[in-house]
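Biologist: I would like a close look at one part of this model, taken slowly and with the surrounding context set out afterwards. Please begin as soon as the structure is in view.

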Amino acid sequence: MSQQTPAERTPKQKEEKEQTALPVLPVRDTVLFPHAVLPLTVGRESSVQLINSLGEDKTIIVVAQREARVDAPQPSDLYTVGTSAVVHKVVKMPNQSLFVFAEGLERIRLGEFTQLTPFMTAHYSVMPEGAAPIATSQIEALQRNVLTLFQQIVAGSPTLSDELSTVAMNIDEPGRLVDFIASSLPSLSTPDKQDTLETLDIHVRLEKINQHLAKELEVQQLRNKIQSEVQDRVQQTQREYYLREQMKAIQKELGEQDEGQRDVEDLKKKIEEAGMPEEVKKEALKELGRLSRMSPMAADYSLTRNYIEWLAVLPWAKTSGQEIEIPKAKEILDADHYDLEKVKDRILDYLSVRRLKPNMKGPILCFVGPPGVGKTSLGKSIARALGRKFVRLSLGGVHDEAEIRGHRRTYIGALPGQIIQGIRRAETKDPVFMLDEIDKVGRDFRGDPASALLEALDPEQNSSFRDNYLDVTFDLSKVLFITTANMLDPIAEPLRDRMEIIELQGYTEEEKVHIAFRYLIPRQIDENGITGEQIEFPEEGVRYVIRHYTREAGVRSLERTIGTICRKQARRLAEGKTEKLIVSKEVIQEFLGGIKIRSEGEIAERTERPGVAVGLAWTPSGGDVLFVEANAMKGKGGFTMTGQIGQVMQESMQAALTWVRSNADRLGVPEDFFASHDLHIHVPAGAIPKDGPSAGVTMATALVSLLTKQRITPLMAMTGEITLSGNVLPVGGIKEKVLAAKRAGVRDVILPAENKMNLQEDLSAEQLENLNVHFVKTIDEALAVSLPTVEQSTAAKMIPSTPPKDPKQDYQPTQPVKEPEPVHDRVLTQA
């Protein structure tokens, strides 16, 4: 409240008779009520001078400060309502402060201050409460309720004396009762006490103190409940402790061990039998000593026990111990997988060296190939051939480094990483450990799992692999790590450098037929509960499924389709139709619906008009064909590119257009054609992202076909990067692209001349059967093969008249050279 001048006072305040000036004693966090005796500690110099200046008249004014932090309060820092009081006793303290006993007399309102130093004095006016209120039923009920609440609070509080209840019961005046209770409650804040002091209406004052008491009683009851629950738990813990101590004493007398001692003895026995290195054994015994000194009720007991158990159960010295037999290993690999000769040769080479040098460090093999070509199952076959346990860990979607290295023991629920957990499951220190989908490892704020794999996959370092949870070294050098990936690009370069890359290419139609009859059909017949006498798959039917219902590098979709046919036959048998099912074309269409994939018909139909060329692309699931469509319309020389293509492919389109425009005269295109027409190149399907430079030849051919109004040779596909000078550069993914072309029914393929070596190394004569391959060095040579119907005069200008080479003459054995790693087209997943 601000200080009021006489002119600003209300009529009621003007009725209050102003008295002579009295000394004003400011107090902090304290409100003195009438009829209450309050001990005050006076330490401020001005307040000490005030008390020492009192003569026979010991009357002062006690007023609370608005802010307790103010050391030298001014009139504006004080409430305007206080209490006149008489000082009964003053005691001097050793620190020069005074201990004063003051008794409140009346409520007063401060008037004009007459003195500020050395202490404050002010006029005041008494605030009469008026005559005693008439005892109405409402006031009487409030008074009784207040008294009852106060008595309950005093009874439940350990700090309030029981005498307060007796004193309160002997007070008949409601106003005085409220003042007494307000001055006795330690939980009532200074602003609330001041508000009670300033309230003259008895009814309002009773209601306010009633609310405070009800709130205080609720808090007190809740506090007592919490304290009771805590005390009960403490008593239960003490009771259990005493009982356990008594049990220990009884067991000691009977010569028995308690549960904790038995755990220690069991763990010690496991540690001795584990065959740990000396350093690890020392750490385990150290933790075991800590465990033996702990109470089983201790918080760290289970954590320490789990840690010691992990150390004790790991196969520190246990190996498979089987002799390697090369003929048996070869037999197992041939029985489990068709073809894959390069992969099998590399594995048999490793086994042979291992047989001659058992202590050699294991290589880190990385199988790279499209889905469904047998990467994971090949790992299982290697484990069978070696006679070792097989452990598989899928890394797809792993973002946390702790998944590889484990969490430190300080974290709640900490565990070793997945590598150590896999070793424990294998129960030997030399399993075949497959890290599946290593190209799909993620990274975020929790760390980079790929970096954590560097130590585990380095033969020079993994002999001392340190897991964060174990915090001791474990020898991983005997583990045969095998990783799998669909693409090499996402794998970090340092991690790729530590692995030996073995590529698994897609299967041809012939290979798929062999795999189907050798593995897929028998497996699906068995899994669907039928026999070979109840269903028959002719070779013609299997080829029909491969050509028209699956288009993939692997055989997963083929196996699912065969499984669908087997389930249909199982249903027929369940319905009572017992005749043997011959899987013909008609049966396949009945069970699987209409043809899903159109090959020759689609390419022939879409390339009937000029301006459409067929390109070849590499995808994570193998190779695929893509169409490049060019069109022209009246305009102002604009060039539009669509089909959700990447930056590199857009640059290839620009390069193709630049070459075509620079050779427009040779192509017979009018000079003003490009200025008066807009060109548009589209690469469907528009929802699939595409990128890479190897469609340059395809785009240039499509543009020349459009501008010369000549169709491209039917059933022809091409790939190759072009330069502005018209040279054709090598590209990657040749095997996948050629196999995709053959699957799509293509008869002629144009490839860069520098990719001839890749064709000789990766593809057999059987795979190239019925396929004409044309190697070109320039775009002119590509046009000579793809646009043979161009008018002779124009062709003489634009294309050398050298006939295409016989593909059989191209396959002359030459000294192999290391091919650079060209960038290839990539068709990504559905957007």
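Biologist: Is Lys580 buried, exposed or partly exposed, and with which residue does Lys580 form a salt bridge?

Modeller: In this predicted model, Lys580 has a relative accessible area of 42% and is therefore partly exposed, since that value falls between the 20% limit for buried and the 50% limit for exposed. Its salt-bridge partner is Glu536, and the closest N and O atoms of the two residues are 3.4 Å apart. Because Glu536 lies in strand 14 (residues 535-536) while Lys580 lies in the loop between helix 20 (556-574) and strand 15 (581-582), the pair ties together parts of the chain that are 44 residues apart in sequence. Glu536 has a relative accessibility of 35%, so Glu536 too counts as partly exposed.

Another salt bridge joins the side chains of Glu579 and Arg572, with an N to O distance of 2.8 Å. Here the two partners fall into separate classes of accessibility: Glu579, at 42%, counts as partly exposed, whereas Arg572, at 16%, counts as buried. As a general matter, side chains of opposite charge can pair when their charged atoms come close.

A search of the whole structure finds 29 salt bridges, and one of them is formed by the side chains of Arg107 and Asp179, at 2.7 Å from N to O. That pair links distant parts of the chain, with Arg107 in strand 5 (residues 98-115) and Asp179 in helix 5 (residues 174-184), 72 residues apart. Both Arg107 and Asp179 are buried. Salt bridges that share partners join Arg107 and Asp179 with Arg205 into one network.

For a contrast in setting, strand 24 (residues 748-752) is largely enclosed by the rest of the structure, because five of its five residues are buried. The burial applies to both faces, with Asp748, Ile750 and Pro752 covered on one side and Val749 and Leu751 on the other. Strand 24 pairs in the parallel sense with strand 21 (residues 716-718) over three bridges, and within that pairing Asp748 is the bridge partner of Met716. Strand 24 also pairs in the parallel sense with strand 25 (residues 772-776), here over five bridges, with Val773 of strand 25 as the bridge partner of Val749. Between strand 24 and strand 25 the chain passes through helix 28 (residues 756-762), and this β-α-β crossover is right-handed.

Two single residues can be set beside these elements. Ser786, in helix 29 (residues 779-786), has a relative accessibility of 0% and so counts as buried, and its side chain reaches the backbone oxygen of Ala782 at 2.9 Å. Asp672, by contrast, is exposed, with a relative accessible area of 52%, and lies in the loop between helix 24 (664-667) and helix 25 (673-676). The C-alpha atoms of Asp672 and Gly637 are separated by 9.6 Å, although the two residues are 35 residues apart along the chain.

Finally, the surface also carries a nonpolar patch of about 330 Å², made by Leu222, Ile226, Val230 and Val234. Among these residues, Leu222 is placed in helix 7 (residues 202-254).

Note on methods:
Residues numbered from 1 in each chain as written. Predicted model: local features only at pLDDT ≥ 70, side-chain atom pairs only at ≥ 80, totals over all residues. Heavy atoms only, no water. Patch = residues over 30% accessible without salt bridge, like charges linked within 9 Å, V, L, I, M, F, W, Y side chains within 5 Å. Areas by Shrake-Rupley, 256 points an atom, 1.4 Å probe, with all protein chains shown as cover. Salt bridge = Lys/Arg side-chain N within 4 Å of Asp/Glu carboxyl O. Helix = DSSP H or I, 4+ residues; strand = E, 2+ residues; numbered from the N terminus. Buried < 20%, exposed > 50% of the residue type's maximum accessible area, 1.4 Å probe, protein only. Pairing = 2+ DSSP bridges. Right-handed = clockwise from strand over helix to strand, strands pointing away. Polar contact = N/O pair within 3.5 Å; in protein donor to acceptor, adjacent residues only side chain to side chain.
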